[in-house]
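Colleague: Let us go through this model together. I will ask, and you answer with the reasoning.

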Amino acid sequence: MEVITISGCLPDDCEVCTDKRGNSFVRFKVSCKNKDYDGKTVYHVYRCYCYYAGFEDLRRGEKVYIVGDLSYYLREDKNGKTWLNMDVYVRHIDRNT
């Protein structure tokens, strides 16, 4: 297991979903701003999901601080382009107000 701590901003509103067992969870993305080795600004986007109640109202532009389990894998889209998906199972979340 890999644990990650991120602080970033939601590029979109969250989505309330239901898993195969009928449990509700919240799915959202977090965009983190950083600099690469050349000093250029880069953004890393993490796909997050959270089973804690009370976060169904996360909105675009909101800042969050997250600790969770990181998983990542490569996928290929319909045009043959390869993407790295970075998913975070949220264990702890705070809103930066």
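Colleague: Is Asp-69 buried or exposed?

Modeller: This is a predicted model, so the value is computed from predicted coordinates. The cut-off for buried is under 20% relative accessible area. Asp-69 has 15%, so Asp-69 is buried.

Colleague: Which residue forms a salt bridge with Asp-69?

Modeller: Asp-69 lies in strand S5. The pair links distant parts of the chain, with the partner in strand S6, 22 residues apart. The closest N and O atoms are 2.8 Å apart, and the partner is Arg-91.

Colleague: How does Arg-91 count, buried or partly exposed?

Modeller: Partly exposed covers the range between under 20% and over 50%. Arg-91 has 44% relative accessibility, so Arg-91 counts as partly exposed.

Colleague: Which residues does Asp-69 touch, not counting those up to four places away in sequence?

Modeller: Contact here means heavy atoms within 4.5 Å. The salt-bridge partner of Asp-69 is Arg-91. With residues up to four places away in sequence left out, Asp-69 touches Met-1, Glu-2, Val-3, Asp-87, Val-88, Tyr-89 and Arg-91.

Colleague: Asp-87 is in that list. Which side chain does Asp-87 meet in a salt bridge?

Modeller: Asp-87 counts as buried, at 12% relative accessibility. The N to O distance in its salt bridge is 2.7 Å, and the partner is Arg-47. The two are 40 residues apart, with Asp-87 in strand S6 and Arg-47 in strand S4. At 33% relative accessibility, the partly exposed partner is Arg-47.

Colleague: How many salt bridges does a search of the whole structure find?

Modeller: Side chains of opposite charge can pair when their charged atoms come close. The cut-off is 4 Å from nitrogen to carboxyl oxygen. Asp-87 with Arg-47 is one such pair. The search of the whole structure finds five.

Colleague: What is the N to O distance between Asp-57 and Arg-95?

Modeller: Asp-57 sits in the loop between S4 and S5, and Arg-95 in strand S6, 38 residues apart. Asp-57 is partly exposed at 41%. Arg-95 is partly exposed at 29%. Their side chains meet in a salt bridge with an N to O distance of 2.4 Å.

Colleague: Which residues do salt bridges that share partners join into one network?

Modeller: Asp-57 and Arg-95 form a salt bridge. Glu-62 belongs to the network as well. The members are Asp-57, Glu-62 and Arg-95.

Colleague: Now the nonpolar side. Which residues touch the most other members of the largest nonpolar core?

Modeller: The core has 20 residues. Strands S1, S3, S4, S5 and S6 each give two or more residues to this core. Those that touch the most other members are Phe-28, Val-30, Tyr-46, Ile-66 and Ile-93.

Colleague: Take Tyr-46. Which residues is Tyr-46 in contact with, leaving aside neighbours within four places in sequence?

Modeller: Tyr-46 belongs to the largest nonpolar core, as do Phe-28 and Val-30. Both appear among its contacts. The full list is Ile-4, Ile-6, Phe-28, Lys-29, Val-30, Cys-32, Leu-70, Met-86 and Val-88.

Colleague: Which residues make the nonpolar surface patch of about 340 Å²?

Modeller: Patch residues need over 30% relative accessible area. Tyr-72, in strand S5, is partly exposed with 46%. The patch is made by Tyr-72, Leu-74 and Leu-84.

Methods:
Residues are numbered from 1 along each chain as its sequence is written. This is a predicted model: local features need pLDDT of at least 70, side-chain atom pairs count only at pLDDT 80 or more; totals for chains, interfaces and linings use all residues. Side-chain values use heavy atoms; hydrogens and water are left out. A nonpolar core is a set of buried Ala, Val, Leu, Ile, Met, Phe, Trp, Tyr and Cys residues joined through side-chain atoms within 4.5 Å. Buried means under 20% relative accessible area, exposed over 50%, partly exposed in between (1.4 Å probe, protein chains only). Helices (H or I, at least four residues) and strands (E, at least two) are DSSP runs, numbered from the N terminus. Patches are made of residues with over 30% relative accessible area and no salt bridge: like charges are joined within 9 Å, nonpolar side chains (Val, Leu, Ile, Met, Phe, Trp, Tyr) within 5 Å. Accessible areas come from the Shrake-Rupley method with a 1.4 Å probe; for residues, only the protein chains shown count as cover.
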